[in-house]
Amino acid sequence: MDNILRIAVQKSGRLSDESLKLIKECGIKFSNGTGKLKSVATNFPLEFLFLRDDDIPGYVQDGIADIGIVGANEAEEKDKAVDWTQKLGFSKCRLSLAIDKNEPYSGLGDFQGKRLATSYPKILGDFLAANNVEADIHEISGSVEIAPSIGLAYGICDIVSSGSTLMSNGLKEVEVIFRSEAVLIANKQLSDEKRTILKRLLFRIDAVQAARSSKYILLNAPNEAIDKIIDILPGMRSPTVLPLAQENWSSIHSVINEDDFWGVIENLREAGAEGILVVPIEKMIV
Ligand code: ATP
Ligand code: MG
């Protein structure tokens with residue numbers, strides 16, 4: 001069926017909630033009762049398949065699904081022929097090498113000839129080869145963190161976010177080998193019709209993402225400070241300046257990036273801004 005795009009989403013796990021939230025924020029309505037494996041959106045040509053994340057890259061390559069949302073770690077590890085269409089900014093984590101916290105560590109050379117347990121043999125193998133380290137990669141599918149303490153391996157390569165799992169297993173993180181976040185992958189042979197639907201979806205995702213990283217800012221300032229304040233505000237085009245009832249004062253409105261946020265606020269106050277309001281933006285079309 002060319003008039004509907006099929007998206008594969010993780011059925012239940014660390015990607016599921018954020019994946020569905022993003023699609024909902026794109027204004028797409030659907031039902032996803034527990035245990036459901038398929039669903040169709042009611043107001044957009046999108047059909048959902050709810051799957052294990054391990055299976056998503058292969059299904060997208062083979063065209064069972066047209067697009068899918070997976071962790072970059074999973075997409076890279078599975079190494080399927082798919083397009084990496086868009087980074088999605090959630091489920092951020094890293095793949096790291098870790099060893100017993102009491103072992104000394106002096107550098108990657110320490111892994112030479114050692115045995116390493118991981119669920120990511122391809123990513124780890126590529127990393128070690130690129131760094132001229134030869135190690136014995138032992139693939140296990142879960143509970144990788146206990147491998148050193150039971151004598152299965154010298155070190156591990158696994159997903160880390162806060163590091164607390166490593167710590168509770170007596171391990172220390174010594175090298176980050178891959179940084180991951182959720183990505184949208186797509187089949188390489190989409191029909192023109194499906195590509196058109198994908199473009200519409202990506203346009204909406206862009207608007208949602210731009211809004212997430214931006215804030216709308218309103219402030220009051222004496223007229224003599226306006227030029228200085230406009231220089232500080234990066235803005236989408238140029239800020240809106242409206243006169244206040246109080247003479248020689250104006251209200252200035254603009255959009256700022258979340259990352260620059262605190263620095264900009266400090267500079268604005270120094271320049272004479274008062275009554276600064278910062279509000280979230282729901283959608284942003286640039
Ligand atoms: P499935 O049953 O679908 O195979 P899973 O157990 O393999 O699920 P999850 O633990 O749900 O996978 O993780 C899915 C993805 O979420 C990972 O591949 C990774 O990209 C990301 N992820 C994993 N752990 C974290 C974390 N602690 N913080 C943020 N993102 C994470
Ligand atoms: Mg999995």
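Where does serine 106 lie? I start there because a single residue is an easy way into a predicted model, which is what we have in front of us today. Serine 106 sits in the loop between β6 and β7, and with a relative accessible area of 68% serine 106 is exposed. Its C-alpha atom is separated by 9.3 Å from that of valine 174, although the two positions lie 68 residues apart along the chain.

Let me step back to the overall layout. The chain is divided into three parts, of which domain 1 covers 5–90 + 181–211, domain 2 covers 93–180 and domain 3 covers 214–280. Taken over C-alpha atoms, the centres of domain 1 and domain 3 are 38 Å apart.

Now to helix α4, which spans residues 121–130 and in which Ile123, Leu124, Phe127 and Leu128 are buried. Seen down the axis of α4, these buried residues fall within an arc of 125°, so they line one face of the helix. In general, an α-helix has 3.6 residues a turn, so residues three or four places apart point the same way. On the other side of α4, Ala129 and Ala130 are exposed. And what covers the buried residues of α4? The cover includes helix α3 at 72–78, together with the strands β6 (93–100), β7 (115–118), β8 (136–139), β9 (155–160) and β10 (171–180). Just after α4 comes asparagine 132, which takes a positive phi of about 55°.

Since α3 has come up, I will pause on one of its residues, alanine 75, which lies in that helix. Is alanine 75 buried or exposed? At 4% relative accessibility, alanine 75 counts as buried. Leaving aside residues up to four places away in sequence, alanine 75 touches Pro57, Val70, Lys80, Trp84, Val183 and Ile185. The C-alpha atoms of alanine 75 and aspartate 55 are separated by 10.0 Å, and these two residues are 20 residues apart along the chain.

From aspartate 55 I turn to aspartates 53 and 54 and to the metal. The magnesium ion, ligand 2, is coordinated by Asp53 (OD) and Asp54 (OD), at 2.0 to 2.1 Å. Of these two, aspartate 53 is buried, with a relative accessible area of 17%, whereas aspartate 54, at 28% relative accessibility, counts as partly exposed.

Finally, the aromatic rings. How many aromatic pairs does the structure hold? There are five, and I will describe two of them. Phenylalanine 48 and phenylalanine 50 form a stacked pair, with 6.0 Å centre to centre and 5° between the planes. Both phenylalanine 48 and phenylalanine 50 are buried. The second pair, phenylalanine 111 with tyrosine 154, is edge-to-face, with 5.8 Å centre to centre and 70° between the planes. This pair links distant parts of the chain, with phenylalanine 111 in the loop between β6 and β7 and tyrosine 154 in the loop between β8 and β9, 43 residues apart. Phenylalanine 111 is buried, and tyrosine 154 is buried too. Tyrosine 154 has a further partner, for the charged end of lysine 114 sits over its ring, 4.3 Å from the centre. Returning to the phenylalanines, ring pairs link Phe30, Phe48 and Phe50 into a cluster.

Note on methods: Residues are numbered from 1 along each chain as its sequence is written. Chains are lettered from A and ligands numbered from 1 in the order in which they are written. This is a predicted model: local features need pLDDT of at least 70, side-chain atom pairs count only at pLDDT 80 or more; totals for chains, interfaces and linings use all residues. Side-chain values use heavy atoms; hydrogens and water are left out. Domain bounds come from an automatic or database domain assignment. Buried means under 20% relative accessible area, exposed over 50%, partly exposed in between (1.4 Å probe, protein chains only). Helices (H or I, at least four residues) and strands (E, at least two) are DSSP runs, numbered from the N terminus. The arc is that of the directions from the helix axis to the C-beta atoms. Contact means heavy atoms within 4.5 Å. Rings of Phe, Tyr and Trp (its six-membered ring) pair if their centres lie within 6.5 Å; planes under 30 degrees apart count as stacked, over 60 as edge-to-face and the rest as tilted. A charge sits over a ring if NZ of Lys or CZ of Arg is within 6 Å of the ring centre and within 35 degrees of the ring normal. Donors are N, O and S atoms within 2.8 Å of the metal (3.2 Å for Na, K and Ca); water is not among the atoms, so sites may look incomplete.
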